[in-house]
Amino acid sequence: MPVVARPKFGANAEAQIAAAYNNVGHRYSKYADGSIRDLFLFEGRHAYGDSKTWGTIRNKLLALHAKDPKRLRVLDLGCGPGTWLRRVVAYAHRIGFAEITANGVDIADGQLNQARALSHRLAVLDGVRINFSHGDLRRELAADEHDICLCLYGVLNHIPENELSLVMNRIASRSRGYFLATVRTIGSTPTVYVDDVCSAVRFYQDNRNDRLDVEFSDGRRTSFQSHLFSRDEFKRLAAASFTIEDIRGLDLFHGRFANDPRWNPPEHQTTSRVSQELSQLEERYCRDPGFIDRAAHLLLVARHKGMSQP
Ligand SMILES: C[S@@+](CC[C@H](N)C(=O)[O-])C[C@H]1O[C@@H](n2cnc3c(N)ncnc32)[C@H](O)[C@@H]1O
């Protein structure tokens, strides 16, 4: 397929990624986050993975609250429209943290503007300070330390492979607590990251050069960095900067059983019985070496090397 010019790395690479996310505007959060009516209603295509990710974050918030309910400092790297940071702030406020400082960082200003607009109601809550700012993981990050740091859904896939160790080190230097990250795997089903894969008429993931080229149905074309991870690679990277508590696959089966509107008739839906059985299979195989790289994402649960055993 004919594509846009392909500079490999460098400053231009960030501009391409930022433009790709800015161009889709609120369609990103609609496709990725489902319902905006209720932050904790996980529905649609990503419901299974998102609810597992949220369960993990929630458990860490409860552990931090049990230790010190006075304050929580949270950093969301590559926060996009801020959905995960808003979930954290809303829940942390509900369980009674007295002071909550939440910082979201991203390179896509359009996504940051949405995050700010969607956070007004949380920003006025007692003890809450929520801030979204432009920042690049490949450059400097603000110097504050955080109790929990998130880097979710595709952010690290956009970092050039030869910079990943440096980026992980930089993240470790900003968090004195937990680090929770997800990445897209080498065996996952296709994604075009910025929008539903069904909105693309063509795409090509060049795994030799770590680039994804996409042509959307409205004629737009984009091309940006996309590095897919194996569990072993991700584990090695994380272990150099953090103490790893767990790495599991997220969504081995639900996504593969989901309807594809380009092919399946809408009435052919997965029944709730099948869905329940898929959840059991997910639990059984999510750490199995033969299956884990086939998950949609890997979920890393890690903590700062200097943090004592919880
Ligand atoms: C797939 S979105 C995920 C957004 C959010 N974490 C979520 O789960 O909804 C990936 C985000 O990473 C951001 N991103 C990519 N490279 C980045 C970098 N070098 N520094 C900061 N943000 C980056 C993009 O702009 C985009 O908002």
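Modeller: A polar contact is a pair of N or O atoms within 3.5 Å; within protein, one must be able to donate a hydrogen and the other to accept it, and residues adjacent in sequence count only if both atoms are side-chain atoms. This is a predicted model, in which local features need pLDDT of at least 70 and side-chain atom pairs count only at pLDDT 80 or more, while totals for chains, interfaces and linings use all residues. Residues are numbered from 1 along each chain as its sequence is written, and side-chain values use heavy atoms, with hydrogens and water left out.

Biologist: What makes the pair between Y28 and the ligand a polar contact?

Modeller: The side chain of Y28 has an N or O atom 3.2 Å from an oxygen atom of the ligand. That distance is within the limit, so the pair qualifies. The side chain of D106 also has such an atom, 2.5 Å from a ligand oxygen, and a backbone N or O atom of L137 is 3.0 Å from a ligand nitrogen. Of the 600 Å² of accessible area that the ligand has on its own, the protein covers 98% (areas by the Shrake-Rupley method with a 1.4 Å probe; for residues, only the protein chains shown count as cover).

Biologist: Which residues come nearest to the ligand, and how many are around it?

Modeller: There are 19 residues around the ligand, and G78, D106, D136, L152 and Y153 come nearest. A residue counts as near if one of its heavy atoms lies within 4 Å. The shell divides into 12 nonpolar, 4 polar and 3 charged residues.

Biologist: Why is Y193 called buried?

Modeller: Buried means under 20% relative accessible area, exposed over 50%, and partly exposed in between (1.4 Å probe, protein chains only). Y193 has 6%, so Y193 is buried. Y193 sits in the loop between β5 (175–184) and β6 (200–206); helices (H or I, at least four residues) and strands (E, at least two) are DSSP runs, numbered from the N terminus. Its phi is near 65°, a positive value in a residue other than glycine.

Biologist: How do you know whether D210 is buried or exposed?

Modeller: The relative accessibility of D210 is 8%, so the residue falls under the limit and is buried. D210 is in the loop between β6 and β7 (211–216), and phi of D210 is near 55°, positive although the residue is not glycine.

Biologist: What makes the side chains of E215 and R202 partners?

Modeller: They are 2.7 Å apart in a polar contact. E215 belongs to strand β7 and, at 12%, is buried.

Biologist: Why is K235 called partly exposed?

Modeller: Its 42% lies between the two limits, so partly exposed is the right term. K235 is part of helix α8 (residues 231–241). From K235 to D33 there are 202 residues in sequence and 27 Å in space, C-alpha to C-alpha.

Biologist: What is the class of F40, buried or exposed or in between?

Modeller: F40 has 22%, which puts it in the partly exposed class. The loop between α2 (27–33) and α3 (47–67) holds F40. F40 and L125 are 85 residues apart in sequence, with their C-alpha atoms 18 Å apart.

Biologist: Why does D251 count as buried?

Modeller: The value for D251 is 11%, so the definition of buried is met. D251 occupies the loop between β9 (242–250) and α9 (254–257). D251 and L278 are separated by 27 residues in sequence and by 9.4 Å, C-alpha to C-alpha.

Technical notes. Ala, Val, Leu, Ile, Met, Phe, Trp, Tyr, Cys and Pro count as nonpolar, Asp, Glu, Lys and Arg as charged, and the others, Gly among them, as polar.
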